[in-house]
Amino acid sequence: QVQLVESGGGLVQAGRSLRLSCVASGSRFSITDMGWYRQAPGIQRELVAAIGSGGSTNYADSVKGRFTISRDNAKNTVYLQMNSLGPLDTAVYYCNAHVTVVGGAFDYWGQGTQVTVSS
């Protein structure tokens, strides 16, 4: 079993920054891709940013140039640096990891962390 725990959400004013963190823990696992998704009320969950084990990245068009995803493989941690936040960035942000464990490969999700941006 693998657990993902996010932190770093909160309430900020437009134009400010936040940094989200997500730590994976468990036993006998290895992580390939990691990513951040978000879901606003009434809207389907969407990919924000993803990063491969080698460091390749992918971003949603709406966050390019403002958000940066990074990871520390030694710590099984993925980060999301969010700059120039705006009200449209308000959502619950979820961490995702594609994990290989004994028995196969699975996608795991964190519990989500709320990000609220006031105008």
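Let's start with a salt bridge: the side chains of aspartate 89 and arginine 66 meet at 2.8 Å, N to O. Before I go on, please keep in mind that this is a predicted model. The two partners come from distant parts of the chain, 23 residues apart. Aspartate 89 sits in the loop between E8 and strand E9, residues 91–101, while arginine 66 sits in the loop between strand E6, residues 57–59, and E7. Buried or exposed, these two? Both aspartate 89 and arginine 66 are buried. And they have company: salt bridges that share partners join Arg38, Glu46, Arg66 and Asp89 into one network.

Let's look at the arginine 38 end of that network. Arginine 38 bridges to glutamate 46, with the closest N and O atoms 2.7 Å apart. Arginine 38 counts as buried because its relative accessible area is 6%, under the 20% cut-off. Glutamate 46, at 33%, is partly exposed.

How many salt bridges does the whole structure hold? The search finds four. One of them, between aspartate 61 and lysine 64, has its closest N and O atoms 3.1 Å apart. Here aspartate 61 and lysine 64 are both exposed.

Now for the strands, and E9 first, please. Eight of its eleven residues are buried, so E9 is largely enclosed by the rest of the structure. Who does E9 pair with? With E4, the pairing is antiparallel over nine bridges, and serine 30 has threonine 100 in E9 as its bridge partner. With E10, the pairing is again antiparallel, over six bridges; there, valine 101 is matched with glycine 104 in E10. The hairpin of E9 and E10 has two residues between the strands, and glycine 103 takes a positive phi near 110° in it. Then there is strand E11, residues 113–118, which pairs with E9 in the antiparallel sense over three bridges. Valine 92 finds its bridge partner, glutamine 114, in E11.

If you are tracing side chains along these strands, here is a handy reminder: in a regular strand they alternate between the two faces of the sheet.

Next, the rings. The structure holds one aromatic pair. Tyrosine 37 and tryptophan 109 have ring centres 4.9 Å apart and planes at 65°, so the pair is edge-to-face. Tyrosine 37 belongs to strand E4, residues 29–39, and tryptophan 109 to strand E10, residues 104–109, so this contact ties together parts that are 72 residues apart in sequence. Tyrosine 37 is partly exposed, at 24% relative accessibility, and tryptophan 109 is partly exposed as well, at 38%.

Which residue lies over the face of tryptophan 109? That is arginine 45, at 4.7 Å from the ring centre. Arginine 45 also lies over the face of tyrosine 94, at 3.7 Å from that ring centre.

Last stop, the other sheet I wanted to show you. Four strands form an open sheet in the order E1-E3-E8-E7, with antiparallel pairing. Its edge strands are E1, residues 2–7, and E7, residues 67–72, each of which pairs on one side only. From one strand to the next, the twist averages 15°. At the E7 side, E7 and strand E8, residues 77–82, pair in the antiparallel sense over six bridges. One contact to find on your screens is phenylalanine 67, whose bridge partner in E8 is methionine 82.

Conventions:
Residues numbered from 1 in each chain as written. Predicted model: local features only at pLDDT ≥ 70, side-chain atom pairs only at ≥ 80, totals over all residues. Heavy atoms only, no water. Pairing = 2+ DSSP bridges. Axes fitted to C-alpha atoms, helices over the stretch in contact; angles between N-to-C directions. Buried < 20%, exposed > 50% of the residue type's maximum accessible area, 1.4 Å probe, protein only. Phe/Tyr/Trp six-rings, centres within 6.5 Å; stacked < 30°, edge-to-face > 60°. Lys NZ or Arg CZ within 6 Å of the ring centre and 35° of its normal.
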